[in-house]
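Reader: I would like to go through this entry and ask what lies behind the terms used for it. Please set each value against its definition.

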Number of protein chains: 2
Amino acid sequence: MAAADPLSRVFAALADPTRRDMVARLAVADATVGELAEPYDVSVQAVSKHLRVLEDAGLVSRSREAQRRPVHLEAEVFDLMTAWIERYRRQAEERYRRLDDVLASLPDDVPPTQEPLPGGGAP
Amino acid sequence: MAAADPLSRVFAALADPTRRDMVARLAVADATVGELAEPYDVSVQAVSKHLRVLEDAGLVSRSREAQRRPVHLEAEVFDLMTAWIERYRRQAEERYRRLDDVLASLPDDVPPTQEPLPGGGAP
DNA sequence: CCCGTTCTCAACCAGGTGGTTGACAAGATG
DNA sequence: CATCTTGTCAACCACCTGGTTGAGAACGGG
């Protein structure tokens, strides 16, 4: 996704298992590109590309230290996602709560069972 | 992403603005495919495809009601994401906290300033 | 029973994604 | 200075994605 909006970029960045694993490891400690690439059995170039995606999403920042480029996790962007998710999760839960209320109040009202007697009178 | 793992599918599903908007609207009320498609200026088929992505991610379920196929939001899958996000966000915050502690305790310990007196004795 | 409505399936297309290899920039170090 | 280390850039490739159109399935209503 080369989409412009930040939320799409963050979600897309985390839709890849390798990238999620990188984030998980960066939550523990900063790391260089080589260190990050070591366990994955892909080229360093591929990892560099993944890092670019994470950087474009604002999840990661890269500084400079001699030839090395230490990668650092920027955790604030998580809040963007959390806010979005929580908003609609709560809204959906609210719906369920209201539905429960309606169902609970129903037996006091008209029961939805049909009346089998066409011209029926009480005996 | 045709990836097998559920987390990737959920993230990928929400990486599209149109799909996120559908989820937002479904949080308010269930809807049919036609109702969902109406505001988007794309074909109904495209919306049907989007719904399939959301369904494969477990975010949505489709039942049957005459020709109509009402779509219902399944909010539980959000928990999967929230759990993942919160885990690494907290881990990253913990790192900052520990770093702060180290920095705070530093002045009580050996100050990192060099001693300018080589064989220096007290006067 | 035929018709209209609602929706999915199939084929196709432009463009993006994750991977590769090869070349090269930036720096420490012999 | 020559060289090794670390990482990026560029070109290329197979595959997935989001969109289209056309055909057809499923079902209610006249």
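Reader: Which elements of chain A have the lowest and the highest mean pLDDT?

Author: The model is predicted, and pLDDT is the predictor's confidence in each residue, from 0 to 100. Helix 5 (residues 77-105) of chain A has the lowest mean among the elements, 83, and helix 4 (residues 44-56) of chain A has the highest, 97. Over residues 108-123 of chain A the pLDDT is below 50, and this stretch has zero contacts in the model beyond near neighbours in sequence. Where pLDDT is low, the predicted coordinates should not be read in detail. For chain A the mean pLDDT is 83, with 80% of the residues at 70 or more.

Reader: What is the pattern of chain A along the sequence?

Author: The pattern reads α-α-α-α-β-β-α, from five helices and two strands.

Reader: How do you know that the end C-alpha atoms of helix 2 of chain A are as far apart as they should be?

Author: The expected span is 1.5 Å times one less than the number of residues. Helix 2 (residues 17-28) of chain A has twelve residues, so the span should be 16 Å; the end C-alpha atoms lie 17 Å apart, which agrees.

Reader: What makes Asp16(A) a cap of helix 2 of chain A?

Author: A side-chain oxygen of Asp16(A) lies 2.8 Å from the backbone nitrogen of Thr18(A), at the N-terminal end of the helix. The cut-off for a polar contact is 3.5 Å, and 2.8 Å is within it.

Reader: Which residues of helix 2 of chain A are buried?

Author: They are Arg19(A), Arg20(A), Met22(A), Val23(A), Ala24(A), Leu26(A) and Ala27(A). Buried means under 20% relative accessible area. In chain A, 36% of the 123 residues are buried.

Reader: Why is Asp41(A) called exposed?

Author: Exposed means over 50% relative accessible area. Asp41(A) has 76%, so Asp41(A) is exposed. Asp41(A) lies in the loop between helix 3 (33-37) and helix 4 of chain A. Its phi is near 60 degrees, a positive value in a residue other than glycine. In chain B, Asp41(B) also counts as exposed, at 76% relative accessibility.

Reader: How do you know that the two copies are related as by a two-fold rotation axis?

Author: A turn of 180 degrees and a shift of 0.0 Å along the axis lay chain B on chain A with an RMSD of 0.1 Å. The copies are thus related as by a two-fold rotation axis.

Reader: Why do the copies meet through the same surface?

Author: Because 100% of the interface residues of chain B are also interface residues in chain A.

Technical notes. Residues numbered from 1 in each chain as written. Chains lettered and ligands numbered in written order. Heavy atoms only, no water. Least-squares fit on C-alpha atoms with pLDDT ≥ 70 in both. Contact = heavy atoms within 4.5 Å. Helix = DSSP H or I, 4+ residues; strand = E, 2+ residues; numbered from the N terminus. Buried < 20%, exposed > 50% of the residue type's maximum accessible area, 1.4 Å probe, protein only. Polar contact = N/O pair within 3.5 Å; in protein donor to acceptor, adjacent residues only side chain to side chain.
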